[in-house]
Amino acid sequence: ALPADRRLSWRKFARVVGAKRDSLHLVEEGQLKKLTGFDLGGIPPFGYDRPFLVILDRELLSNSTVFCSAGLPTVSLEIQSQSLLRLSGGKTASIC
């Protein structure tokens with residue numbers, strides 16, 4: 001998860017997950033729905049039956065609250081950033 005006004009640095013992300021940059025790619029929309037059960041734009045960072053690796057950009061934690069997807073592309077959830085970290089089981093890293 002990263003701030004809405006920032007872009008993912010594939011190089012930094014690859015380093016964090018221990019992969020080569022050229023081995024990483026976005027999941028196709030149809031596969032994304034199969035994996036998560038949610039449509040693109042509405043994928044929440046927690047609440048799944050199976051574990052997913054969640055990485056929160058460190059910059060998010062500088063805000064007391066953040067907004068994240070809540071299951072539908074038109075619905076967002078305002079949540080304390082520390083609660084998001086705890087509920088998602090995520091880890092923090094600089095990925096922007």
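The protein exposes an accessible surface of about 6600 Å², and 52% of that area belongs to carbon and sulfur atoms (Shrake-Rupley method, 1.4 Å probe; for residues, only the protein chains shown count as cover). This is a predicted model, in which local features need pLDDT of at least 70, side-chain atom pairs count only at pLDDT 80 or more, and totals for chains, interfaces and linings use all residues. Residues are numbered from 1 along each chain as its sequence is written, and side-chain values use heavy atoms, with hydrogens and water left out.

Now the fold. The protein has 3 helices and 4 strands, taken as DSSP runs (helices H or I, at least four residues; strands E, at least two; numbered from the N terminus). Their order along the sequence is α-α-β-β-β-α-β.

Next, the dimensions. The C-alpha trace spans about 35 × 35 × 25 Å along its principal axes. Of the 96 residues, 28% are buried (under 20% relative accessible area, 1.4 Å probe, protein chains only). Contacts are heavy atoms within 4.5 Å. Among those between residues at least 6 apart in sequence, 56% join residues at least 24 apart.

Ser88 offers a local view. This residue sits in helix H3 (residues 81-88). Ser88 is buried, at 11% relative accessible area. Its side chain reaches the backbone oxygen of Leu84 at 2.8 Å. A polar atom of the Ser88 side chain also lies 3.3 Å from the backbone oxygen of Leu85. Leaving aside residues up to four places away in sequence, Ser88 touches Pro45, Phe46, Val54 and Leu56.

Definitions and conventions:
Buried means under 20% relative accessible area, exposed over 50%, partly exposed in between (1.4 Å probe, protein chains only). A polar contact is a pair of N or O atoms within 3.5 Å; within protein, one must be able to donate a hydrogen and the other to accept it, and residues adjacent in sequence count only if both atoms are side-chain atoms.
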